[in-house]
Amino acid sequence: MKPLPYNQAIANRRRLIDVLPLAMPLVVHLDSTSACNFRCTFCPQSLSDGRHHVAKPVAMEFSLYEKIIDELCGWGKLNALRFGMFGEPFMNPQFPDMLQLALERNAAGRIVIFTNGALLDETKAERLCSLAANVDTIIYVRFSIVSVLPDKHRRLSGSNVDIDRIRDNIAFLKSLRERAGADNLGLCAKMIDSKSDENEIFLERYRDLVDDLELDAPGNWTGIVETDFIANIYDGPVEKRKFPHRKSCSFPFYYLGVHSDGTVTACTDDWCRCAAIGNVRTQTLPEIWNGDPLRKLRLLHLGGKRNEIDICRNCGQIDKNPDSDDIDSLTADDWHSLTEKKL
């Protein structure tokens with residue numbers, strides 16, 4: 001089955017408010033490692049004291065990963081399992097085996113891999129295509145392109161990786177996909193909106209290599225530190241993209257993020273684990289999903305009190321969520337009523 005372009009698949013999803021409360025999350029985002037081969041200036045990985053916030057780089061042990069997959073499969077089938085939240089998935093040598101297990105167990109309707117593409121060499125690409133060709137699961141590989149200008153790429157990524165190497169890796173994966181008949185493997189490339197002519201260079205450079213192209217709005221990573229990650233992208237002040245302002249973030253109602261050390265959060269941007277809601281080393285995922293920390297977080301949002309949550313107070317992610325995830329009409333009283341009916 002050939003997958004829809006990634007952004008179209010997201011746009012076509014059901015209205016979240018119509019399916020709440022959920023018995024299990026729709027999406028689990030998992031870090032196979034907290035390490036990354038880039039130090040992008042618009043990411044917390046670039047912080048000089050970054051290790052203080054994210055702790056020592058940790059690769060998730062395969063035994064812990066197996067526990068997670070066992071619990072997910074015993075719980076139900078995920079809408080989506082995403083790899084690569086804060087770290088680069090391919091920094092964990094066992095990542096291809098992790099992917100294979102998720103596919104063999106049919107853990108999710110679709111699997112998404114977020115990568116900068118630098119480490120996706122021929123061996124890894126061949127393994128990926130081989131796995132994809134033998135399953136029906138839709139797999140998206142989303143390449144995060146830092147810049148298509150060599151000097152800018154080096155400055156923003158904090159690496160000496162040649163931009164042509166990344167493009168060559170993607171081109172090889174595309175050719176291999178066609179030879180393997182892995183039609184269920186979707187390729188996407190996204191770059192943060194440069195507010196310049198670089199956007200057109202990016203579109204032209206990758207148009208023939210991927211199925212889906214995206215110019216993304218930059219994020220502020222919850223605004224929990226003084227560093228202005230968005231300003232680090234540009235040479236001077238730029239007009240920020242305007243989004244509809246929302247009261248409640250939808251993430252805590254459909255999403256779980258599992259960090260490489262086992263910590264679980266309710267937000268993809270909670271890189272510092274400031275609002276951790278549990279840990280899969282000592283708890284099960286259903287226990288965390290139905291636990292008191294997540295319940296309290298949800299009620300604060302629904303009650304218009306997200307300013308009481310450090311990582312939510314200045315976060316810009318809330319206003320970037322798609323219209324299908326707008327739950328502002330839902331109140332704390334509504335949530336009590338809905339969850340009581342569920343019981």
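This passage looks at the cysteines, one helix pair and a single aspartate in a predicted model.

The cysteines make a convenient starting point. The structure contains one disulfide, and its partners are C272 and C274, whose sulfur atoms lie 2.3 Å apart. This distance falls inside the cut-off of 2.5 Å that defines such a pair. The torsion about the S-S bond of C272 and C274 is about -120°, so the disulfide is left-handed. The two partners differ in their surroundings: C272 has 12% relative accessibility and therefore counts as buried, whereas C274, at 45%, counts as partly exposed. The limits behind these labels are under 20% for buried and over 50% for exposed, with partly exposed in between.

Other cysteines are worth a look as well, C129 and C312 among them. For C129, the closest cysteine sulfur belongs to C188 and is 14 Å away, which is too far for a bond. C129 is also buried, because its relative accessibility is 1%. For C312, the closest cysteine sulfur is that of C267, and the separation of 6.7 Å is again too far for a bond. With a relative accessibility of 11%, C312 likewise counts as buried.

Attention now turns to a pair of helices. Two packed helices are described by the angle between their axes and the distance between the axes. Helix α3 covers residues 62-75 and helix α4 covers residues 95-104; their axes are 11 Å apart and make an angle of about 20°. Since angles under 35 degrees count as roughly parallel, α3 and α4 are therefore roughly parallel to each other. Their crossing is right-handed. On the α3 side, the contact is made by F62, Y65, E66 and I69, and these residues meet D97, M98, L99, L101 and A102 of α4. Sorted by class, the contact of α3 with α4 comprises seven nonpolar residues, two charged residues and no polar ones. Charged residues in this scheme are Asp, Glu, Lys and Arg, and the contact includes E66 in α3 and D97 in α4.

The last stop is D168, which sits in helix α7, a helix spanning residues 163-180. D168 has a relative accessible area of 47% and so is partly exposed. Although D168 and G117 are 51 residues apart along the chain, their C-alpha atoms are separated by 9.5 Å.

Methods: Residues numbered from 1 in each chain as written. Predicted model: local features only at pLDDT ≥ 70, side-chain atom pairs only at ≥ 80, totals over all residues. Heavy atoms only, no water. Buried < 20%, exposed > 50% of the residue type's maximum accessible area, 1.4 Å probe, protein only. Axes fitted to C-alpha atoms, helices over the stretch in contact; angles between N-to-C directions. Helix = DSSP H or I, 4+ residues; strand = E, 2+ residues; numbered from the N terminus. Parallel < 35°, antiparallel > 145°, perpendicular 65-115°, else oblique. Left-handed = near helix turned anticlockwise from the far one by under 90°. Contact = heavy atoms within 4.5 Å.
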